[in-house]
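Trainee: I would like to take a close look at one part of this model, the place where its domains meet. Could you take me through that part step by step?

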Protein chains: 2
Amino acid sequence: MVSDRSLKICQIGELSLLKRLQAFCPADLIGDDGAILSPQPGYDLVVTTDMLVDRVHFSDQTTAPEDVGWRGAAANLSDLAAMGATPLGLTVALGLPGDLAVGWLERLYQGLTACLHQFNTVLVGGDVCRSPVITLGITAIGQVRPEQAIRRSTAQPGDAIVVTGVHGASRAGLELLQQPIWGKALSVGDRKALIKAHQRPSPRLDVIQTLRQQSPDLRVSGMDSSDGLADAVLQICRASQVGARLDWATIPLPEGFQNSAVLSPQQALDWSLYGGEDFELVLCLNPDAAKQLVPDLGSKAAIVGEIVAGSEVTLKVDHQVICLNSDQTFQHF
Amino acid sequence: MVSDRSLKICQIGELSLLKRLQAFCPADLIGDDGAILSPQPGYDLVVTTDMLVDRVHFSDQTTAPEDVGWRGAAANLSDLAAMGATPLGLTVALGLPGDLAVGWLERLYQGLTACLHQFNTVLVGGDVCRSPVITLGITAIGQVRPEQAIRRSTAQPGDAIVVTGVHGASRAGLELLQQPIWGKALSVGDRKALIKAHQRPSPRLDVIQTLRQQSPDLRVSGMDSSDGLADAVLQICRASQVGARLDWATIPLPEGFQNSAVLSPQQALDWSLYGGEDFELVLCLNPDAAKQLVPDLGSKAAIVGEIVAGSEVTLKVDHQVICLNSDQTFQHF
């Protein structure tokens, strides 16, 4: 079977291609115009969608096809976690150039379904069509009890702001892939961890489980940090019409970020606040509940500030207080 | 506001773009990482996804942006109808070149939401990103009672095969748009109807309502005819491991198709069987129930054949019987 992985899509035709891709779906979910899913009674649905485009969201230089698939699945599962939901399934629509190797696509599906498998969910359908550029449209469906949904708009002054892990690791991993000479002062283990953070991020569905075991009915506001930690705090504050005070000293950093031979304090701050794609959660909740939750989320979770009245989002760095605004956050256009 | 429709996406930035697009969504569904929907208790979900690519699925020559939006929505709603489901909502992920006019995109959303509005559903979310080619990833979510789901795999010998309307109209409409000189022997009204069939197809959600009012518990097999009538019958037969006998004389044709000054009998047959994109339903059900259903589906619905044992799909044309096979159906690669 190895030799036929170099076959091009246009050489095997659409029906053969679909047959190969359907092998990655549970057999009872394929073969119709749509997939049928059964949410549990009493649950609402959560739907989230993303588009990934070759040379915009990934490139052969930094991302193997398995990692493109993993990251695509992980980003959408992270959006479900951000809403407090657990996944029911995921669909993939593909736009593909005819000269793409079948093997490339199968490797993408291997990475994608490996991620789904790790988080106890499945691929439930898709579509393929011709396109001049490799494009993935991914939609994830999840379920949540209505009273347990996490929204951006419900943070209140006095809430503690919790981050579920380090920020900046994915950005540093990308740097290592693009410029391997960077970070030579890091240990092999630290380098590997940063690259893994970029290539194989983990959506924090585990956080939702822990949170809801401890506090089934607690009001929790939040979102994921896919566009960066600063963006997440700014978005929550804008949606909730509140401000926030963050303390740089409390924000968990990846191993090596404190080493000034590796990166300057300014760069550590930039990557942690604005790097993006770490897929952690930023949650705002009652401070006592936050103190109870954080130790159960692993050693890298922390309370990093509090929600305040007003609209200002500030960050205390040593003896300075700086104002965060959305000018520095990532925009696609 | 007219002058700013010629603004390019890259001139207004992602946040302004999102704000303009969010105006097309119900306000309570936007602003989070995902949209929350509430299916009725006792219903299963149906999920279907499609990708549309500029110059593959549409072109400025034949399709105004409003029509691209309408057709994208209609195709996905048709997939829900094909499963026997009613819609809960639709998401759109967009890949867009930075130099695309904002006005073009707003017109696309106007067409898309006009279609959703007509069929009592809403846009529930989306994503925008940069892409060298305009790309839409559309996902529709619907609900169906588990016992009322329509599948391809449950047709049985003896079932009547029902089509819910004419086939070939969309293909003829495309011809009129690409070569206006064609069809000059048609009346103005017929020309308009064919062009409308191509630009503004109607997903047959009404059929599902009528069917389930008449026969709540009836086993119905089927799919939509988006890839052509022949393809639909062949797919149902393959999935159900049965054959079919169709009779050309009973297949409803668009007005003008019988006029040999407009198109030859061979071309009428080709377009009706293989043209695609008519978005009617092809349903297999008990013949008595079929006879009761057809008059309530409008004057263009008909019983066009029956499911038989075996695997052969045949079409009687005058005194000849021809075998249909999948070689002639549309493949993307």
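Mentor: Before we turn to that part, one definition will help with the aromatic residues: rings of Phe, Tyr and Trp, with the six-membered ring taken for Trp, count as a pair if their centres lie within 6.5 Å. Keep in mind throughout that this is a predicted model. By the ring rule, the count comes to 8 aromatic pairs over all chains, and ring pairs join Trp182(A), Phe257(A) and Trp271(A) into a cluster.

Now to the meeting of the domains. The domain assignment divides chain A into domain 1, residues 3-146, and domain 2, residues 150-328, and the centres of these two domains of chain A, taken over C-alpha atoms, are 27 Å apart. Where they touch, 18 residues of domain 1 of chain A are in contact with 20 residues of domain 2 of chain A. The size of an interface is often given as the accessible area lost when the parts come together; between domain 1 and domain 2 of chain A, the buried area is about 1800 Å², with carbon and sulfur atoms giving 56% of it.

Charged and polar groups also take part, for there are 2 salt bridges between domain 1 and domain 2 of chain A, and 6 residue pairs in polar contact, both residues at pLDDT 80 or more. On the side of domain 1 of chain A that touches domain 2 of chain A, helix 2 (residues 65-82) of chain A gives the most, with 11 residues. By class, that side of domain 1 of chain A has 10 nonpolar, 4 polar and 4 charged residues. Finally, the side chains of Glu277(A) and Arg71(A) meet in a salt bridge, at 2.4 Å from N to O.

Technical notes. Residues numbered from 1 in each chain as written. Chains lettered and ligands numbered in written order. Predicted model: local features only at pLDDT ≥ 70, side-chain atom pairs only at ≥ 80, totals over all residues. Heavy atoms only, no water. Domains from an automatic or database assignment. Contact = heavy atoms within 4.5 Å. Buried area = accessible area lost by both parts, 1.4 Å probe. Salt bridge = Lys/Arg side-chain N within 4 Å of Asp/Glu carboxyl O. Polar contact = N/O pair within 3.5 Å; in protein donor to acceptor, adjacent residues only side chain to side chain. Helix = DSSP H or I, 4+ residues; strand = E, 2+ residues; numbered from the N terminus. Nonpolar A, V, L, I, M, F, W, Y, C, P; charged D, E, K, R; others polar. Phe/Tyr/Trp six-rings, centres within 6.5 Å; stacked < 30°, edge-to-face > 60°.
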